[in-house]
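Student: I should like to work through this model with you, beginning with single residues and ending with whole chains. May we proceed by question and answer?

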Amino acid sequence: MEPAQLVAEELKRGTLGERELTADLQQALERHCSNLVTLVQSLHASGRDRDAIRELVAVMLRSYEDDLIQVLGKDE
Amino acid sequence: MNEAARLGADDEAGRLAALRRYNILDTEPEEEFDEIVALIRSIFNISSAAINLIDFDRQWSKAAANASSNRCASQNNCPRSEAFCDYTIRSQEATMIEDASLDPRFADNRFVTGPLGVRSYLGVPLTTPDGYNIGALCVFGTEPRSFTSADKEVLSNFAKVVMSQMELRLTARVDGLTGVLTRKAFVTRLDRVVAEDTGDPTSLVLLDLDHFKSINDRFGHPAGDAVLTHVAAAMSGLVKKPDSIGRVGGEEFGILLHGADLVAAQGLAARLRERLAQLSVPGLPDERVTVSAGVAERSRGETRQAWFERADRALYAAKHNGRDQAVAAAPLEVK
């Protein structure tokens with residue numbers, strides 16, 4: 001699976017759901033996903049195990065989403 | 001090396017200021033970063049991985065994982081002069097060491113000669129978007145190891161992911177328009193004062209821009225944003241650390257003043273009003289910016305909510321009395 005597709009799939013499985021993001025947070029999320037795609041490409045190139053890469057992307061996205069949800073709740 | 005990175009390398013004061021912006025030094029361990037270093041250690045199949053920040057004179061680990069535990073206590077805080085990662089942030093590129101015991105830069109280092117027995121090391125800088133290397137992401141092992149360029153590439157990309165996570169946290173603390181603290185971050189600072197309850201004088205100034213809606217209505221929201229930005233900049237010029245400024249509402253700001261009693265806080269409010277009276281916002285040359293302010297010195301034992309409400313009531317009184325003035329809050333009623 002292509003790195004971008006892998007990251008997009010894991011993002012869909014995430015906890016953000018239908019939450020609306022402000023423009024700056026949307027940009028931050030896109031930047032983070034772009035960094036993850038580049039990371040996956042380099043992991044593929046270095047011959048790392050594909051299942052381990054998928055697991056890694058899932059863990060790192062969940063971690064980011066947890067922080068993002070904290071940010072979304074900042075004015076509550 | 002790009003221009004921004006070169007700037008960061010030559011500007012230690014700017015680098016330290018950048019590090020401080022993230023407000024990460026000496027914070028508690030966090031699962032998010034612990035998980036990342038555990039994954040990196042696993043991916044590299046190596047004994048240790050760490051996220052290290054380089055302060056003025058020390059290295060401090062935000063997260064570290066090794067074969068025996070997730071925390072690497074012996075490296076949690078060490079003199080900067082002994083830190084491998086200090087070399088990494090100075091060199092601007094990855095530092096690859098196959099066998100530190102044979103490397104004259106590190107052969108006598110206590111992390112090599114001591115019980116940790118570091119032999120191999122790969123570190124990449126953690127670089128802010130404006131080019132400052134605030135720390136390094138590293139893996140290190142107790143056996144000699146020859147790292148490949150692919151390893152370097154993987155670790156560099158992990159570092160970018162770590163930085164984008166740290167950037168997100170910064171977004172949570174800093175208001176994107178004005179550069180001052182968000183309401184949540186500002187309230188957290190007030191809560192810290194209340195929790196410490198030292199008895200030192202501490203004051204809160206709440207300010208509201210007068211007739212701000214009229215500026216938006218007559219000149220549009222970009223003009224309103226420009227006014228907010230210039231007012232915040234004027235405040236930042238008067239308020240020095242450890243005091244802090246937060247945007248607590250659309251056109252409402254809070255200033256937290258440590259060591260300031262009511263008289264000192266009123267003095268600050270007066271100086272700020274004088275400065276704003278001189279303020280010239282580009283595109284609005286004839287527009288005079290004024291603020292109303294409520295000033296409250298915290299009483300020992302007072303909750304954050306009660307303190308904030310007293311300042312808010314004083315602010316309301318300033319508005320009600322005709323705006324463009326500061327009003328001191330009534331003292332806390334003792335029941």
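Student: Is A:Arg54 buried, partly exposed or exposed?

Tutor: This is a predicted model, in which local features need pLDDT of at least 70, side-chain atom pairs count only at pLDDT 80 or more, and totals for chains, interfaces and linings use all residues. Residues are numbered from 1 along each chain as its sequence is written, chains are lettered from A and ligands numbered from 1 in the order in which they are written, and side-chain values use heavy atoms, with hydrogens and water left out. Buried means under 20% relative accessible area, exposed over 50%, and partly exposed in between (1.4 Å probe, protein chains only). At 25% relative accessibility, A:Arg54 therefore counts as partly exposed.

Student: Which residue does A:Arg54 meet in a salt bridge at 2.7 Å, N to O?

Tutor: A salt bridge is a side-chain nitrogen of Lys or Arg within 4 Å of a carboxyl oxygen of Asp or Glu. Here the partner of A:Arg54 has a relative accessibility of 5% and so counts as buried. At 2.7 Å, N to O, the side chain that meets A:Arg54 is that of A:Glu10.

Student: Why does this pair tie together separate parts of chain A, and how many residues apart are they?

Tutor: Helices (H or I, at least four residues) and strands (E, at least two) are DSSP runs, numbered from the N terminus. A:Glu10 lies in helix H1 (residues 3-12) of chain A and A:Arg54 in helix H3 (residues 50-72) of chain A, so the parts tied together are separated in sequence by 44 residues.

Student: Which residues are linked with A:Glu10 and A:Arg54 in a network of salt bridges?

Tutor: The structure holds 32 salt bridges over all chains. Besides A:Glu10 and A:Arg54, the network includes A:Glu9, A:Arg13, A:Arg62 and A:Glu65.

Student: What is the pattern of chain A along the sequence?

Tutor: The secondary structure of chain A comes to 3 helices and 0 strands. Its C-alpha atoms fill a box of roughly 45 × 20 × 15 Å along the principal axes, and buried residues make up 43% of the 76 residues. Read along the sequence, the pattern of chain A is α-α-α.

Student: Which helix of chain B supplies the largest share of the side that touches chain A?

Tutor: The contact (heavy atoms within 4.5 Å) takes 23 residues from chain B and 23 residues from chain A. There are 2 salt bridges between the chains; B:Asp151 and A:Arg48 meet in a salt bridge at 3.4 Å, N to O. Helix H3 (31-44), helix H6 (149-173) and helix H7 (183-196) of chain B each supply at least two residues of the side that touches chain A. The largest share, 14 residues, comes from H6(B).

Student: What part of the area buried between chain B and chain A do carbon and sulfur atoms give?

Tutor: Buried area is the accessible area (1.4 Å probe) that two parts lose on being put together, summed over both. For chain B and chain A this is about 2200 Å², and the part given by carbon and sulfur atoms is 66%.

Student: How far apart are the C-alpha centres of the two domains of chain B?

Tutor: The bounds, which come from an automatic or database domain assignment, divide chain B into domain 1 (3-173) and domain 2 (183-328). The C-alpha centres of these domains are separated by 39 Å.

Student: Where in chain B does B:Arg110 lie, and which residue forms a salt bridge with B:Arg110?

Tutor: The closest N and O atoms of the pair are 2.5 Å apart. B:Arg110 lies in helix H5 (residues 110-113) of chain B, and its partner in the loop between strand E3 (77-79) and helix H4 (84-91), so the pair ties together parts that are 28 residues apart in sequence. B:Arg110 is partly exposed, with a relative accessible area of 41%. The partner, partly exposed at 22%, is B:Glu82.

Student: What distance separates the end C-alpha atoms of helix H9 of chain B?

Tutor: The expected span of a helix is 1.5 Å times one less than its number of residues. The buried residues of H9(B), among them B:Ala223, B:Val227 and B:Val231, pack against elements of chain B including strand E7 (202-209) and helix H10 (262-277). For the 18 residues of helix H9 (residues 221-238) the expected span agrees with the distance between the end C-alpha atoms, which is 26 Å.
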